[in-house]
Amino acid sequence: MVPAVKATQLTKRYGDFTAVNNLDLEIRPGECFGFLGPNGAGKSTTMKMIYGRTPITSGELQVLGLDTKTAMRTIKSRIGVIPQEDSLDPDFSVLENLLVYGRYFGLKGAPARQRAEELLAFVQLTEKAKTNVEALSGGMKRRLVIARALMNRPELLILDEPSTGLDPQARHLVWSRMRTLKAQGVTLLLTTHYMDEAAQLCDRLVIVDKGQVLALGTPQELMAQHAGAWALELRVAPEQHATVLQRAERVATAHEAIGDLLVIYLPGQAEAEGLTHELRSTGVPLQGYQARPTTLEDVFLRLAGRSLQEG
Ligand code: ADP
């Protein structure tokens, strides 16, 4: 099967600064693939190379089996792009924005109108067809950009930070539409700095930081490989950390210390509860504790040594 995207040693430099560094990657047709990383990790730059907004500095990049250096026009006709900034035309109504966009792909007349109406229904904007885009809320604008990106029935849909700036309700609608598209066979490629978005939507993902891939896998694989199924968060004075870690050694798979917060990763809930019980009964002064399932945020913390939201 031809990969939806294949990058080999893909690199992007802006002057002396390397934004994307030797990226190797294969995205399978039909999967939802995520780029998870903090601001400045190089996610948007990678997307822009894939959809032809910025040239690659070195390496190889194929999209739908075609070389981005020579076949960008064909690639653009077969992909859909939802960029971070909403690039809607403020002079036109909701429906007109779709019709004007459709013309780039040779879509005109009744078939264009039918496709536009179908898509407005899909993103729940039928009632707003005649409204000027300036009068739409942020969430509605994002939904319209999604509809617009679907006008040419793309095989690959690229979404750069699809839910940034949306309220929870708008976010869930976007997620639900993404799931429907995936069920229809569309390959989805998204960037996000929200670990829950990546965990909810992605079949596989890469964790990126400073232009480099730190890890690749399914959310479950990443959590199992780099942390453990459960995390025990302890608030305990830094001078007590060594004592606690000595007790945890037998069962812990890993740990991280951030100030007085000690996070101990464990294979399961039973181990987390057992260790909490043991620490309390042996009189280690705990100021607070919480056992919880591991998240992708923990994986990032383990790999990068800081939190995803710190940037
Ligand atoms: P992300 O999408 O992960 O937040 P970006 O790809 O937008 O990251 O940016 C990666 C790095 O490249 C950042 O440090 C950013 O400042 C830099 N960068 C992005 N675009 C440009 C540009 N046009 N010129 C110079 N530096 C840029």
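For these legends, Ala, Val, Leu, Ile, Met, Phe, Trp, Tyr, Cys and Pro count as nonpolar, Asp, Glu, Lys and Arg as charged, and the others, Gly among them, as polar. The model shown in every view is predicted.

**View 1. The largest pocket and what lines it.** Let us start with the open space of about 530 Å³ in the largest pocket. Of the 20 residues that line this pocket, K76, V81, Y101, Y104 and F105 are the closest to its centre. Helix α2 (72-78), strand β6 (79-82) and helix α3 (94-103) each supply at least two residues of the lining. Sorted by character, the lining of the largest pocket has 10 nonpolar, four polar and six charged residues.

**View 2. Aromatic rings at the largest pocket.** Here we stay with three of the residues closest to the centre of the largest pocket, Y101, Y104 and F105. Together Y101, Y104 and F105 form one aromatic cluster. A pair of aromatic rings is described by the distance of the centres and the angle of the planes. The model has three aromatic pairs by count. One of them joins Y101 and Y104, with 5.8 Å centre to centre and 85° between the planes, an edge-to-face arrangement. How accessible is each of these two tyrosines? Y101 counts as partly exposed because its relative accessibility is 21%, while Y104 counts as exposed because its value is 63%.

**View 3. The second largest pocket.** Next comes the second largest pocket, which holds about 170 Å³ of space. Its lining is made up of Q124, S137, G139, R143, G165, L166, D167, Q169, A170 and L173. Two elements, α5 (138-149) and α6 (168-183), give two or more residues to this lining. Which element gives the most to the lining of the second largest pocket? That is α6, with three residues. By character, the lining of the second largest pocket divides into three nonpolar, five polar and two charged residues.

**View 4. Two cysteines without a bond.** This view turns to C32 and C202, whose sulfur atoms are 4.3 Å apart. A disulfide is a covalent bond between the sulfur atoms of two cysteines. Why is there no bond between C32 and C202? The cut-off for a disulfide is 2.5 Å between the sulfur atoms, so at 4.3 Å the sulfur of C32 is too far from that of C202, its closest cysteine sulfur. Seen from the other side, the closest cysteine sulfur to that of C202 is the one in C32. The count for the model comes to zero disulfides. Both cysteines are buried: C32 has a relative accessible area of 1%, and C202 has 6% relative accessibility.

**View 5. Helix α1 and its lysine K48.** Our last stop is helix α1, which spans residues 43-50 and includes K48. Seven of the eight residues of α1 are buried, so this helix is largely enclosed by the rest of the structure. The buried ones are K43, S44, T45, T46, M47, M49 and I50. Is K48 buried or exposed? K48 counts as partly exposed, because its relative accessibility is 25%. Leaving aside residues up to four places away in sequence, K48 touches R53 and T54. After α1 comes G52, which has a positive phi, near 80°. To link this view with the second largest pocket, whose lining includes S137, note that K48 and S137 are 89 residues apart in sequence and 26 Å apart in space, C-alpha to C-alpha.

Methods
Residues numbered from 1 in each chain as written. Predicted model: local features only at pLDDT ≥ 70, side-chain atom pairs only at ≥ 80, totals over all residues. Heavy atoms only, no water. 1 Å grid on protein atoms, 1.4 Å probe; cavity = no way out; pocket = protein on both sides within 12 Å on 5 of 7 lines; lining within 4 Å. Points joined across faces, edges and corners; volume = space filled by probe spheres on them. Helix = DSSP H or I, 4+ residues; strand = E, 2+ residues; numbered from the N terminus. Buried < 20%, exposed > 50% of the residue type's maximum accessible area, 1.4 Å probe, protein only. Contact = heavy atoms within 4.5 Å. Phe/Tyr/Trp six-rings, centres within 6.5 Å; stacked < 30°, edge-to-face > 60°.
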